[in-house]
Amino acid sequence: MTGRLFLHIGPPKTATTALQYAFEEIAGEALIYGGTFQPRDRDPSGRRSRPLEEALTRIREDVRSGKIVVISEEMLSLSTKASMADKLAFLGRCFAGLPTTIILCIRDPQDAIPSLYQELYRSQPFLMKLSFSRFCRSDAIACYDYRKIITLLQEAGLDTVRIIGFDWICSGGLTAREL
């Protein structure tokens with residue numbers, strides 16, 4: 001059996017939580033679900049409680065030993081302190097040489113953006129809170145520009161992308177075998 005890394009990058013509000021639950025259910029000896037980095041626990045110094053390099057080493061070892069590893073973090077496609085482009089380029093450097101499939105969930109942006117706005121509302125600057133249309137012109141919604149995401153992934157050397165539709169996940173049409 002050949003190992004493989006499946007990296008689910010979101011974006012938010014595209015049935016990502018439902019997909020994460022499905023990954024948890026099918027995880028076993030042959031499939032390691034590394035989960036999502038939620039909640040974002042930190043030690044008192046503010047650093048991640050699990051060092052990044054240690055986690056990357058473990059992922060590489062598992063894939064090279066023939067295991068299937070699934071990591072899910074929907075915020076990788078969302079521009080926050082780091083841009084989406086920077087995050088995806090970093091992923092490309094981290095997993096260069098590993099057989100990697102990116103899982104990208106898609107949903108009509110007209111349905112997803114209002115929900116994302118509500119989720120991010122409290123953390124938005126004052127002027128963004130005052131105007132939904134301003135939010136819609138911000139970098140925050142670039143995560144729903146699927147062509148841009150695929151281009152950035154290709155530039156990062158992550159060109160094997162599996163696209164999964166929101167409706168397919170929500171309808172129960174996606175089976176564990178297909179995952």
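# Why is it called that?

Q: What makes Arg58 and Asp62 a salt bridge?
A: Their side chains meet with N and O 3.3 Å apart. A salt bridge needs a side-chain nitrogen of Lys or Arg within 4 Å of a carboxyl oxygen of Asp or Glu, so Arg58 and Asp62, at 3.3 Å, qualify. The general idea is that side chains of opposite charge can pair when their charged atoms come close.

Before we go on: this is a predicted model, where local features need pLDDT of at least 70 and side-chain atom pairs count only at pLDDT 80 or more, while totals for chains, interfaces and linings use all residues. Residues are numbered from 1 along each chain as its sequence is written, and side-chain values use heavy atoms, with hydrogens and water left out.

Q: Where do Arg58 and Asp62 lie?
A: Both are in helix α2 (residues 52-64), 4 residues apart, which is about one turn of the helix. Helices (H or I, at least four residues) and strands (E, at least two) are DSSP runs, numbered from the N terminus.

Q: Why is Asp62 called buried?
A: Buried means under 20% relative accessible area, exposed means over 50%, and partly exposed is in between (1.4 Å probe, protein chains only). Asp62 comes in at 8%, so buried is the word.

Q: How many salt bridges are there?
A: The count is 3. One of them joins Lys13 and Glu119, with N and O 2.8 Å apart.

Q: What makes the Lys13 and Glu119 pair a link between separate parts of the chain?
A: Lys13 sits in the loop between β1 and α1, and Glu119 is in helix α4 (residues 109-120), so the pair ties together parts that are 106 residues apart in sequence. Lys13 has 25% relative accessible area, which makes it partly exposed. Glu119, at 40%, is partly exposed too.

Q: How do you know that Glu53 and Arg60 form a salt bridge?
A: Their closest N and O atoms are 3.4 Å apart, and that fits the salt-bridge limit. Are these two partners buried or exposed, or something in between? Glu53 is partly exposed at 49%, whereas Arg60 is buried at 18%.

Q: How many aromatic pairs are there, and what makes two rings a pair?
A: There are 5 aromatic pairs. Rings of Phe, Tyr and Trp (its six-membered ring) pair if their centres lie within 6.5 Å; planes under 30 degrees apart are stacked, over 60 edge-to-face, and the rest tilted.

Q: Why is the Phe23 and Tyr33 pair called tilted?
A: The centres are 5.7 Å apart with 35° between the planes. That angle is neither under 30 nor over 60, so the pair lands in the tilted group. Phe23 belongs to helix α1 (residues 16-26) and Tyr33 to strand β2 (residues 31-36), 10 residues apart, so the pair links distant parts of the chain. Phe23 counts as buried at 2%, and Tyr33 counts as buried at 16%.

Q: Why is the Phe132 and Phe135 pair called stacked?
A: The ring centres are 6.5 Å apart and the planes are at 25°, so the pair is stacked. Phe132 and Phe135 are 3 residues apart in helix α6 (residues 132-136), about one helical turn. Phe132 is partly exposed at 35%, but Phe135 is buried at 0%. Ring pairs also link Tyr117, Tyr121, Phe132 and Phe135 into a cluster.

Q: How do you know that Arg107 lies over the face of Phe166?
A: A charge sits over a ring if NZ of Lys or CZ of Arg is within 6 Å of the ring centre and within 35 degrees of the ring normal. Arg107 is 4.1 Å from the ring centre of Phe166. Lys129 lies over the face of Tyr121 in the same sense, at 5.6 Å.

Q: Why is Leu7 called buried, and what does Leu7 touch?
A: Leu7, in strand β1 (residues 4-8), has 1% relative accessibility, so it counts as buried. Contact means heavy atoms within 4.5 Å. Not counting residues up to four places away in sequence, Leu7 touches Ile71, Leu76, Leu91, Phe95, Thr101, Ile102 and Ile103.

Q: Why is Glu74 called buried?
A: Its relative accessible area is 12%, so Glu74 is buried. Glu74 is in the loop between β3 (68-72) and α3 (84-94), and residues that Glu74 touches include His8, Pro11 and Thr16.
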